[in-house]
Amino acid sequence: MTRGAIWFAILGAGVGCYVLKLAGVSLPARVLDHPLVERVADLIPVALLAALVAVQVFAEGTRLTVDARAAGLAAAVVALLLRAPFLVVVCVAAATAALLRLMLSG
Amino acid sequence: MADPATSEPTAPERRAVVRDSLGVGIATGLYGVSFGAVSVAAGLSLLQTCVLSLVMFTGASQFAFVGVVAAGGAPLSGALTALMLGTRNTLYGLKLSPLLGFTGWRRTAIAHLVIDESTAMAVTRDSRALARAGFVSTGLAVFVLWNLSTLVGGIAGNLIGDPRDYGLDAAVGGAFLALLWPRLDDPRNRLIAVCAAAVALGVVPVTAAGVPVLVAGGVALLAGALTVKAGDRTRRSGR
């Protein structure tokens, strides 16, 4: 990974994300009336976030694995079921994985 | 709804909206600490981390970008994932624009503040003035605190050593799940989520890091195209 490539990606994606926001507030709202646009716009975040959860927790490079991160995710589910706020969910997931690693290494 | 351009909120109403917005801003801003720490742990420099928060300024895309880079994926895969997640802000903008009624340079400026939290704090208001108050105060509070806390998290992340000892890798999975959670009320979304996760894990062993998430985005496009056709048929036969 060259420094140039990473900077290019950061600035390209950053400016691109702003353009996506600007397009939303600038385009006429009737764009949403198109059923395909509306449906796909609803589904894309669901699919991407679900895939990100799965990959962040169960992938190690190109291997699938179950480790302390899975315990962290399970704890996050419990926290969400208890209607914990966002920050608490994130901290619970981290603390669970950290404690499990500490116990397994000690 | 009364004509949004003319109905004027009372001062206490406006104060309540701004107070709620600051609360959301503080909670979200704190979460920027974890972004900063995760980002430097992924191998990005402190400057790159702060530029991401300033220029990209949309949390899920930022986490996705550094997640792909941390896993050894190509920066281009990270950028594409970030952009795909960023499309939801386009949708928010389409919904916000008639409500807020900003034009010209104001619209160009406030576009940067179109994120999950500012949208949520604006779309529920029943007058334009309160929607603007909710949107602008939440957006600005999150922007300032998110960038400050990114800097703090990035500095701390460089000092603490192996982020895995603190479970920071697990924190990212938890954060994505918390963002996904409110959308899982809908049974159709649950099905899409399970399919997307399964497909992503299925291609992990045979693709480079970052690609599985993009493939899962394809699942959404396919499912959207298929269900729209089905929906059109139902609607037509219903007439």
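**View 1. Helix H2 of chain A against helix H4 of chain B.** In this predicted model, Ala41(A), Ile44(A), Pro45(A) and Leu48(A) come from H2(A), and they meet Met84(B), Leu85(B), Thr87(B), Arg88(B) and Leu91(B) of H4(B). Sorted by type, the residues of this helix-to-helix contact come out as seven nonpolar, one polar and one charged. For the geometry, two numbers do the job: a packed helix pair is described by the angle between the axes and the distance between them. Here H2(A) and H4(B), the latter spanning residues 75-100, pack at about 145 degrees with axes 9 Å apart. Their crossing is left-handed.

**View 2. The whole contact of chain A with chain B.** Zooming out from the helix pair, the contact draws on 68 residues of chain A and 85 residues of chain B. Which elements of chain A give two or more residues to the side touching chain B? They are helix H1 (3-26), helix H2 (35-58), strand E2 (63-64), helix H3 (68-81) and helix H4 (86-105) of chain A. H2(A), the helix from View 1, gives the most, with 21 residues. By type, this side of chain A holds 53 nonpolar, ten polar and five charged residues. As for the predictor's own scores, the complex gets an ipTM of 0.87 and a pTM of 0.80.

**View 3. Two domains within chain B.** The domain assignment splits chain B into domain 1 (11-181) and domain 2 (186-239). Taken over C-alpha atoms, the centres of these two domains are 25 Å apart. Where they touch, twelve residues of domain 1 are in contact with eight of domain 2. On the domain 1 side, helix H3 (59-70) and H4 of chain B are the elements that give two or more residues. H4(B) gives the most to that side, with five residues. That makes H4(B) worth following between views: this helix also packs against H2(A). The domain 1 side divides into seven nonpolar and five polar residues, with no charged ones.

**View 4. Confidence along chain B.** Chain B averages a pLDDT of 86, and 92% of the residues score at least 70. Where in chain B is confidence lowest, and where highest? The low end is helix H10 (residues 211-238) of chain B, with a mean of 73, while helix H2 (residues 46-56) of chain B tops out at 97. Over residues 233-239 of chain B the pLDDT is below 50. Leaving aside near neighbours in sequence, that stretch has zero contacts in the model.

Notes. Residues are numbered from 1 along each chain as its sequence is written. Chains are lettered from A and ligands numbered from 1 in the order in which they are written. This is a predicted model: local features need pLDDT of at least 70, side-chain atom pairs count only at pLDDT 80 or more; totals for chains, interfaces and linings use all residues. Two residues are in contact if their C-beta atoms, placed from the backbone, lie within 7 Å. Helices (H or I, at least four residues) and strands (E, at least two) are DSSP runs, numbered from the N terminus. Ala, Val, Leu, Ile, Met, Phe, Trp, Tyr, Cys and Pro count as nonpolar, Asp, Glu, Lys and Arg as charged, and the others, Gly among them, as polar. Axes are lines fitted to C-alpha atoms, for helices over the stretch in contact, and angles run from 0 to 180 degrees between N-to-C directions. A crossing is left-handed if the near helix is turned anticlockwise from the far one by less than a right angle, and right-handed if clockwise. Domain bounds come from an automatic or database domain assignment. pLDDT is the predictor's confidence in each residue, from 0 to 100.
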